[in-house]
Amino acid sequence: MALGVGRCTAQEALDGLSPMLGELPDIQPAEYLARQARVQALMRAQGVSALVLHAGANLRYFSGLVWSASERFVGAVLPAEGALRYVAPWFELGTVNDLLQIAGPVHSWHEHENAYACVHAALAAAGVEQGRVALDENLPYFMVDGLQRSAPAQMQLFSAAELTAACRMHKSEHELALMQRAFDMTLAVQRATASMLREDISTQEVAEFIDAAHRRVGAKGSSFVIVLFGEASSYPHGVKHVQHLRTGDVVLIDTGCYVHGYTSDLTRSYVYGTPSARVREIWSLEKRAQAAAFQAARLGAPCSAVDAAARACLESAGLGPGYSLPGLPHRTGHGIGLSIHERPYLVASDHTPLAPGMCFSNEPMIVLPGEFGIRLEDHFYMTEHGPRWFTPPSRSLDDPFGLAPPDLG
């Protein structure tokens with residue numbers, strides 16, 4: 001059995017965890033204002049008159065206002081010149097004002113009124129009644145349609161995806177610190193989870209333990225949990241039925257947590273019991289592919305080159321080709337930050353040059369349909385000197401968490 005797997009009870013594993021959040025501060029108003037200034041400079045350079053933000057990650061990124069998206073428009077407008085203005089339902093004004101991190105006027109609408117006309121009124125108050133206006137790329141179609149129908153004839157609406165990504169893909173030192181803490185917490189949870197596995201435990205029991213463990217280390221729970229045993233591990237994002245652990249099963253656990261809105265995302269694959277020769281072969285190949293992707297992450301190189309490096313490693317062993325099965329059916333990695341999946345992506349179609357502050361998953365999963373899957377997922381961020389891991393990759397199939405003392409031979 002892999003080192004550290006199945007050595008204690010669930011309660012003992014929980015008792016071995018302690019709070020890790022500490023006094024790490026949230027993003028401060030000065031950083032939100034700096035983000036606004038950055039996107040405004042991009043807007044002016046590209047001839048964009050204003051940016052319309054919607055509840056969710058982009059609104060939080062540029063203003064600090066945390067609000068869940070619904071059918072009611074809650075957001076903000078940021079002109080290329082001038083201060084942020086908010087838009088919200090009238091009956092939510094008390095809550096919105098209480099949550100604001102950056103002060104600004106709040107334009108409101110009553111339930112029987114046109115919310116999109118209110119957005120345009122906020123734009124007009126900011127001096128924007130014509131020109132190119134960028135809409136949050138996460139706006140649902142019915143809201144885009146409403147804004148288009150209410151827009152002045154001389155206004156052109158388009159997606160803000162390039163503007164928002166150009167800012168969000170480059171993480172500050174503060175953002176990196178928040179993400180590092182989230183990854184440290186989830187790695188501790190992964191280790192604890194491996195230690196409490198037992199014969200016949202269900203995937204549901206394990207998922208519940210992971211959520212409790214994340215709370216024990218200081219998170220509000222898990223941001224997501226995927227637990228897969230045996231053949232089910234060949235389905236990258238899981239199956240609908242509950243599984244029960246058997247000796248010899250591959251265990252695949254993918255989970256994360258939030259620290260001040262920034263998420264971790266960490267996958268470990270190992271075996272409960274004695275691994276077969278086939279599992280050892282594929283696990284070792286997965287580790288080589290992950291290492292190849294990391295080595296290909298060089299400043300200025302396109303994101304696609306990282307994906308190509310992992311895929312070439314797998315193809316040299318007879319898997320694939322390309323995205324075919326058995327092999328790696330999805331991208332090698334995704335950007336991460338306020339959203340678990342965000343631009344840019346380590347995939348053949350993304351040629352964004354790697355630059356400092358970019359953060360990525362590195363997870364060239366090997367899927368063998370009808371047998372099992374192996375995913376080793378760690379994340380790295382780009383520095384002025386190249387890539388740096390948030391978490392140390394698995395040492396070996398027999399010691400997935402690096403618990404054995406180093407060989408000083």
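**Notebook: V250 and the six-stranded sheet**

I began with V250 and located this residue in strand 8, which covers residues 249-256. I note at the outset that I am working from a predicted model.

Next I asked myself: is V250 buried or exposed? The relative accessibility of V250 comes to 3%, and because the cut-off for buried is under 20%, I entered V250 as buried.

I then looked up what V250 touches, leaving aside residues up to four places away in sequence, and found L228, F229, G230, S233, Y270, V271, V279, F372, G373 and I374. I also checked V250 against S269, which lies 19 residues apart from V250 along the chain, and the C-alpha atoms of the two are separated by 6.9 Å.

I turned after that to the open sheet of six strands, for which I wrote down the order 4-3-2-1-5-6 and mixed pairing. Why is one side of strand 4 and of strand 6 left without a neighbour in the sheet? Strand 4 (106-109) and strand 6 (155-159) stand at the edges and have a single partner strand each, so each keeps one side unpaired in the sheet. For the twist from one strand to the next I recorded an average of 25°.

At the strand 6 edge, I followed the pairing with strand 5 (residues 131-135), which is parallel and runs over five bridges; within it, G131 has M155 of strand 6 as its bridge partner.

Last, I traced helix 5 (residues 115-125), which lies across strand 1 (48-54), strand 2 (75-79), strand 3 (85-89), strand 4, strand 5 and strand 6. Relative to strand 4, I noted that helix 5 runs at about 155°.

Note on methods: Residues are numbered from 1 along each chain as its sequence is written. This is a predicted model: local features need pLDDT of at least 70, side-chain atom pairs count only at pLDDT 80 or more; totals for chains, interfaces and linings use all residues. Side-chain values use heavy atoms; hydrogens and water are left out. Two strands pair if DSSP finds at least two bridges between them. Helices (H or I, at least four residues) and strands (E, at least two) are DSSP runs, numbered from the N terminus. Axes are lines fitted to C-alpha atoms, for helices over the stretch in contact, and angles run from 0 to 180 degrees between N-to-C directions. Contact means heavy atoms within 4.5 Å. Buried means under 20% relative accessible area, exposed over 50%, partly exposed in between (1.4 Å probe, protein chains only).
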